Amino acid sequence: MTFFNPDAMAPPLIRLTDLTLGYRRHPAVHHLSGGFRDGSLTAVVGPNGAGKSTLLKAMVGALRPLDGRVTLHGLTAADIAYLPQQAEIERDFPIDVLDTVLLGHWRRVGLFRSIGRALMRQAEEALAAVGLSGFERRPIAALSAGQFQRVLFARLLLQDARLILLDEPFTAIDARTTADLLDVVRRWHGERRTVVAVLHDLEQVRSHFPDTLLLAREPVAWGSTADALAPANLIRARAMAESWDDKAALCRRSAP
């Protein structure tokens, strides 16, 4: 099933072609075809275990497809910013807030070059934009979950990426932080950046994300949020989740 007409619009920034993803050849995403338009703001939703995080890992190049392909049009690695789930990020490293944010510059300046005043000022402005002015020298291990997520968004601001991939960015953080970070997402959308976010809160999706991919290992719907989250689609996604067979046959990897 394909969710865009390649003859009706310019090529999408990201094209997925009969994409199948998984681990140890057990599929987590089956036969997904479609595209993310340049400048689009898309939520990826679905039941637990539906393959949402797996899809983002494939888009960032961290997971090789079992079959099909991900095609990036006019993008390099430096054009992509990826924020994994907080549980995947090590916070015990002895580093402070400002130095964590400054890592957003590393693709442009390298890890071992000195940071000039202009780049330092950009980091300070990014911290102000997420409400953390005055936190520059606080160790990240001392931050709350919401404060740490603000730091990570500030680092994303410095990356200045065309494509931003967010995996459950608002999970386990307070409502005020969520509202402030949604303002950052709207800022990116207003700047015509392409944002793809894995989310669970459907009301949040309906309120803030124009497009939605509803995934239940297989694609259920992909398009305007109102259409994708229609009751019939949500019922179908739930039924597909309940019928999953985790002992299904292994996928055959196509020859390169």
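Here is a walk through the fold, from the overall make-up to the sheets, the cores and the pocket.

Keep in mind that this is a predicted model. The protein chain has nine helices and nine strands. Of its 256 residues, 48% are buried. If you look at contacts with a separation of 6 or more, 71% of them link residues 24 or more positions apart.

Let's start at the N-terminal end, with the three-stranded sheet. This sheet is open, is ordered E2-E1-E4, and has antiparallel pairing. E2 and strand E4 (67–72) sit at the edges, so to speak, each pairing on one side only. From one strand to the next, the twist averages 25°. Strand E1 (residues 14–23) and E2 run antiparallel and are joined by seven bridges. You can pick out two of the pairings by eye: arginine 15 has glycine 35 in E2 as its bridge partner, and tyrosine 23 stands opposite histidine 26 in E2. Strand E2 (residues 26–36) is mostly covered, with nine of its 11 residues buried.

Now bring in helix H1. H1 lies across E1, E2 and E4, and runs at about 120° to E1. How many of the eight residues in helix H1 (residues 52–59) are buried? Seven of them are, which leaves the helix mostly covered. The buried set is Lys52, Ser53, Thr54, Leu55, Leu56, Ala58 and Met59, with Lys52, Ser53 and Thr54 listed alongside Leu55 and Leu56. After H1 comes glycine 61, and its phi is positive, near 90°.

On to the other sheet. Here six strands form an open sheet of mixed pairing, in the order E5-E6-E7-E3-E8-E9. Strand E5 (80–83) and strand E9 (218–224) are the edge strands, and each pairs on one side only. Neighbouring strands are turned by 15° against each other on average, direction ignored. At one end of that order, E5 pairs with strand E6 (residues 163–167) in the parallel sense, over four bridges. Alanine 81 has isoleucine 164 in E6 as its bridge partner.

At the other end, E8 and E9 run antiparallel and share six bridges. Leucine 214, for instance, stands opposite alanine 221 in E9. The two strands form a hairpin with one residue between them, and arginine 217 in the turn has a positive phi of about 65°. Helix H9 (residues 231–242) lies across strand E8 (211–216) and E9, and its direction is at about 160° to E9.

What about the interior? The largest nonpolar core has 51 residues, and the members that touch the most others are Val130, Phe153, Leu166, Phe170, Val185, Trp188 and Phe209. Helix H5 (residues 145–159) gives the most to this core, with eight residues. There is also a second, separate core of 23 residues, and Phe36, Ala58, Leu163 and Val196 are among its members. Leucine 166 is a good residue to select in your viewer. Leaving aside neighbours within four places in sequence, leucine 166 is in contact with Leu56, Leu83, Phe153, Leu156, Val185, Trp188, Val195, Val196, Ala197 and Val198. That list includes Phe153, Val185 and Trp188, which are also named among the core members touching the most others.

A polar residue is worth a stop too. Threonine 100 lies in helix H2 (residues 97–102). Why does threonine 100 count as buried? Its relative accessible area is 5%, and buried means under 20%, so threonine 100 falls below the cut-off. Beyond its neighbours within four places in sequence, threonine 100 is in contact with Ile95, Ile140, Val151 and Arg155.

Last stop: the pocket. Rolling a probe the size of a water molecule over the atoms shows where empty space is left. The largest pocket holds about 280 Å³ of space. Which of its 13 lining residues are closest to its centre? They are Ile80, Ala81, Trp106, Arg107 and Gln159. E5, helix H3 (106–109) and H5 each supply at least two residues of the lining. Two elements from earlier thus come back here: the edge strand E5 and helix H5, the one that gives the most to the largest core. Alanine 81, seen before as the bridge partner of isoleucine 164, is one of the residues closest to the centre of this pocket.

Technical notes
Residues are numbered from 1 along each chain as its sequence is written. This is a predicted model: local features need pLDDT of at least 70, side-chain atom pairs count only at pLDDT 80 or more; totals for chains, interfaces and linings use all residues. Side-chain values use heavy atoms; hydrogens and water are left out. Two strands pair if DSSP finds at least two bridges between them. Axes are lines fitted to C-alpha atoms, for helices over the stretch in contact, and angles run from 0 to 180 degrees between N-to-C directions. Contact means heavy atoms within 4.5 Å. A nonpolar core is a set of buried Ala, Val, Leu, Ile, Met, Phe, Trp, Tyr and Cys residues joined through side-chain atoms within 4.5 Å. Buried means under 20% relative accessible area, exposed over 50%, partly exposed in between (1.4 Å probe, protein chains only). On a 1 Å grid over the protein atoms alone, a cavity is a set of points where a 1.4 Å probe fits but cannot get out, and a pocket is an open set with protein on both sides within 12 Å along at least five of seven lines; lining residues have an atom within 4 Å of a point. Grid points are joined across faces, edges and corners, and a volume is the space filled by probe spheres set on the points.
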